[in-house]
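Student: Hi! I'm new to this one and would like a friendly walk through it. Can we look at it together?

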Amino acid sequence: MSELTGKVILVTGAAKRIGRSIALRLAAEGARVAIHYSTSEDEANRTAEECGGAETFKANLESVAEIERMFAEIDERMGRIDGLVNNAARFTKFDPLEVTEADWDFIHDVNLKAVFFCCQQAARRMKKQGHGRIVNISSLGGLRPWAEHAHYCASKAGVIMLTKALSKAFAPEITVNSVAPGVIPFGEWNDAMTALLEATPAARVGTGAEIADAVVYFLRASNFVTGQVMAVDGGLSQR
Ligand SMILES: NC(=O)c1ccc[n+]([C@@H]2O[C@H](COP(=O)([O-])OP(=O)(O)OC[C@H]3O[C@@H](n4cnc5c(N)ncnc54)[C@H](OP(=O)(O)O)[C@@H]3O)[C@@H](O)[C@H]2O)c1
C-alpha cells in the first residue's frame, strides 16, 4: 500500500489525542479515514470534519458483538477496508497487590481482547481483497516493566506478541506491525512523566504527529516489513 490515496483506513479511538493525530495525518495523505469513537462523540465529529468529512463509527470495543457490528457498518458505508490502526486503549495505575478481577478485565478487554478481535474482523476482509495493513499501537510499557502498571504492561506486551504471531498468521497478503509510543502528553503531567523525561535521551517528550509518522511508514511499507515493533520514544527504551 505504497500510496494511501483513496484507501479505507479505520483508526480506533480517533476522536482525540494520538488517534486524532493519526487520523488527521492519514486524511492529509489522501486516505478515506474511518473514525471510531466510544464516548467522545463531539470530538469525533470535530476530527471527522477536520479530516474533510470522514465517516464516524461508534462502538464499545469491550464487546466482540459491537466490534462485529462496527465492521459490518464499515462494509456498508465504505465498501472495503485496506488498513486498520488499533489505537484505542485504557491506562490505569494500581498496586499489583490491590488489583481486582474487574481492574484486570477493564484494561485487558480494550487493550488486548479488542485488538485481537479487530485484527480478526479486518483480516477476514483483507484476505478476500488480497491485501491489507494492520498497525497496533502498543507502548513503551509493553517493552519495559512499570511496577504500578503491571496489568497495563502485560496488556501491551500482549499486543506486541499478538502483532508478531498475527504477522505470521496473516502473511503474505497482510502485514501486522506495532508502534510503541514513549511519553506523549496532551496537557497532563505528573511525577512519573518527569522521571521518564529525565531518562529520555532525546531530552523531550514526543507528539502525536511523530506517532502518526511511524504509523504511516508501516501502512505504506511493502509486505517485506511485518511483525516489527517500532519504539517512538526518544530512545527511552534503550536505557
Ligand atoms: N499518550 C501516551 O503517552 C502513550 C504512551 C504509550 C502508549 N500510548 C498508547 O497510544 C494509544 C493512544 O494513546 P492516547 O493517550 O491518545 O489514548 P487515550 O486518550 O487514553 O485513549 C484513546 C481512546 O481510546 C478509546 N477507548 C477507551 N476505552 C474504549 C472502549 N471501551 N471502547 C472503545 N474505545 C475506547 C477512547 O475513546 P472515547 O474517548 O471515544 O471513549 C479514547 O479516546 C493507546 O493505545 C495508548 O496505550 C500512549
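**Arginine 17 and beyond**

Tutor: Happy to. Arginine 17 counts as partly exposed because it has 18 C-beta neighbours inside 10 Å. Keep in mind that this is a predicted model.

Student: Okay, and where does arginine 17 lie?

Tutor: Arginine 17 is in helix α1. Its phi is positive, about 55°, although it is not a glycine.

Student: What sign does phi usually have?

Tutor: Most residues other than glycine have a negative phi.

Student: Which other residue has a positive phi although it is not a glycine?

Tutor: Alanine 203, with a phi of about 60°. You'll find alanine 203 in the loop between α6 (191-198) and α7 (208-220).

Student: Buried or exposed, that alanine 203?

Tutor: Exposed, because alanine 203 has 10 C-beta neighbours inside 10 Å. Threonine 200 sits in the loop between α6 and α7 too, but threonine 200 is buried, with 21 other C-beta atoms within 10 Å.

Student: What does threonine 200 touch?

Tutor: Leaving out residues up to four places away in sequence, threonine 200 touches Gly182, Gly234, Gly235 and Leu236. From threonine 200 to glycine 234 there are 34 residues in sequence, while their C-alpha atoms are 5.9 Å apart in space.

Student: Now the ligand. Which residues come nearest to it?

Tutor: There are 25 residues around the ligand, and Gly13, Arg17, Ser38, Ser40 and Ala89 come nearest. So you meet Arg17 again, the residue that counts as partly exposed with 18 C-beta neighbours inside 10 Å.

Student: Which element gives the largest share of that shell?

Tutor: Helix α1 (residues 17-28), with three residues. By class, the shell around the ligand has 13 nonpolar, eight polar and four charged residues.

Student: Moving inward, how many residues are in the largest nonpolar core?

Tutor: It has 68 residues, and the ones with the most contacts inside it are Val11, Ile22, Ala23, Val33, Ile35 and Val215. Helix α4 (residues 101-129) gives the most to this core, with 10 residues.

Student: Why would nonpolar side chains be buried together?

Tutor: I can only give you the general trend: in soluble globular proteins, nonpolar side chains tend to be buried together.

Student: Pick one of those core residues. What does isoleucine 35 touch?

Tutor: Not counting residues up to four places away in sequence, its contacts include Val11, Ala23, Cys51 and Phe57. Val11 and Ala23 are themselves among the core residues with the most contacts.

Student: Back to α4: at what angle do α3 and α4 pack?

Tutor: Helix α3 (residues 64-78) and α4 pack at about 35°, with their axes 10 Å apart. Val64, Ile67, Glu68 and Phe71 of α3 meet Ala114, Phe117, Cys118 and Gln121 of α4. That contact has six nonpolar, one polar and one charged residues.

Student: Left-handed or right-handed crossing?

Tutor: Right-handed, as α3 passes α4.

Student: Which peptide bond is cis?

Tutor: The one from alanine 171 to proline 172 is cis, with omega near 0°. Proline 172 lies in the loop between α5 (150-169) and β6 (174-181).

Student: One last loop: where is serine 138?

Tutor: Serine 138 is in the loop between β5 (132-137) and α5. It is buried, with 28 other C-beta atoms within 10 Å. Among the residues it touches are Lys156, Ser178 and Val229.

Methods. Residues are numbered from 1 along each chain as its sequence is written. This is a predicted model: local features need pLDDT of at least 70, side-chain atom pairs count only at pLDDT 80 or more; totals for chains, interfaces and linings use all residues. A residue is near a molecule or strand if its C-beta atom, placed from the backbone, lies within 6 Å of it. Helices (H or I, at least four residues) and strands (E, at least two) are DSSP runs, numbered from the N terminus. Ala, Val, Leu, Ile, Met, Phe, Trp, Tyr, Cys and Pro count as nonpolar, Asp, Glu, Lys and Arg as charged, and the others, Gly among them, as polar. A nonpolar core is a set of buried Ala, Val, Leu, Ile, Met, Phe, Trp, Tyr and Cys residues joined through C-beta atoms within 7 Å. A residue is buried if 20 or more other C-beta atoms lie within 10 Å of its own, exposed if 12 or fewer, and partly exposed in between; C-beta atoms are placed from the backbone. Two residues are in contact if their C-beta atoms, placed from the backbone, lie within 7 Å. Axes are lines fitted to C-alpha atoms, for helices over the stretch in contact, and angles run from 0 to 180 degrees between N-to-C directions. A crossing is left-handed if the near helix is turned anticlockwise from the far one by less than a right angle, and right-handed if clockwise.
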